[in-house]
Amino acid sequence: SYSALHPISEAEKSRPQSLLVFDLGGGTLDCALMEHDARKSTYHMIGTHGDPILGGNDWDNVLARAIAERFKKKWKIDLDRPT
């Protein structure tokens, strides 16, 4: 069995695991606290919350800027310069 990121050991299967899930899409930053029971192959939502001020375009712009800066530093090509 696998969790979201790594193989699940037999010891981990014996007890539910807590997961914090981030959703950076749309116009909000949403977070959900979930419990995963590998033995039963179930997920249980413990709680969720969203912030309409963070997320969406805010995250897109920050990530695009960081990628463009790294690209320029490594390859000496300015992605922001019109072609």
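In which segment does K76 lie? In this predicted model, K76 is placed in the segment after helix 2, and its phi is near 60°, a positive value in a residue that is not glycine. Most residues other than glycine have a negative phi. K76 is also exposed, with a relative accessible area of 68%. A second residue of this kind is S41, which is not a glycine either and yet has a positive phi of about 55°. S41 belongs to the loop between strand 2 and strand 3, and with a relative accessibility of 59% it counts as exposed.

The strands themselves may be described in order along the chain. Strand 1, which covers residues 17-23, pairs with strand 2, which covers residues 29-37, and the two are joined in the antiparallel sense over 7 bridges. Within this pairing, Q17 has H36 of strand 2 as its bridge partner. The two strands form a hairpin with 5 residues between them, and in this hairpin G26 adopts a positive phi near 60°. Strand 2 is in turn joined to strand 3, residues 42-51, by 9 bridges, and these two strands also run antiparallel. Two positions illustrate the register of this second pairing: E35 stands opposite H44 of strand 3, while L33 has G47 of strand 3 as its bridge partner. Here the hairpin has 4 residues between the strands, and the turn contains S41 with its positive phi of about 55°. Strand 2 is therefore paired with strand 1 on the one hand and with strand 3 on the other.

Strand 3 also includes T48, which is exposed, with a relative accessible area of 59%. When its neighbours within four places in sequence are left aside, T48 is in contact with C31 and A32. T48 and E35, by comparison, are separated by 13 residues in sequence and by 12 Å in space, taken from C-alpha to C-alpha.

The charged residues can be considered next. Side chains of opposite charge can pair when their charged atoms come close. In the model the count comes to 2 salt bridges. One of them joins R65 to D80, with the closest N and O atoms 2.8 Å apart. Because R65 lies in helix 2 and D80 in the segment after helix 2, this pair ties together parts that are 15 residues apart in sequence. Both partners are partly exposed, R65 with a relative accessible area of 39% and D80 with one of 46%. The other salt bridge is formed by K72 and D78, whose closest N and O atoms are 3.9 Å apart. K72 is partly exposed, at a relative accessible area of 42%, and D78 is likewise partly exposed, at 28%.

A charged residue without such a partner is D37, which is located in strand 2. D37 is buried but has no salt bridge, and the nearest side chain of opposite charge, that of K40, is 4.2 Å away. Since a salt bridge requires the side-chain nitrogen to be within 4 Å of a carboxyl oxygen, the distance of 4.2 Å between D37 and K40 does not meet the cut-off. Not counting residues up to four places away in sequence, D37 touches P16 and T42.

Finally, the surface of the model carries a nonpolar patch made up of L20, F22, L24, L33, I46, I53, L54, W59, L63 and I67, which together have about 980 Å² of accessible area. Two elements give two or more residues to this patch, namely strand 1 and helix 2, the latter covering residues 57-75. The largest share, 3 residues, comes from helix 2. Among the patch members, F22 is found in strand 1 and is exposed, with a relative accessible area of 52%. L33, which also belongs to the patch, is the residue already described as the bridge partner of G47 in strand 3.

Methods
Residues numbered from 1 in each chain as written. Predicted model: local features only at pLDDT ≥ 70, side-chain atom pairs only at ≥ 80, totals over all residues. Heavy atoms only, no water. Buried < 20%, exposed > 50% of the residue type's maximum accessible area, 1.4 Å probe, protein only. Lys, Arg positive; Asp, Glu negative; His and termini not counted. Contact = heavy atoms within 4.5 Å. Patch = residues over 30% accessible without salt bridge, like charges linked within 9 Å, V, L, I, M, F, W, Y side chains within 5 Å. Areas by Shrake-Rupley, 256 points an atom, 1.4 Å probe, with all protein chains shown as cover.
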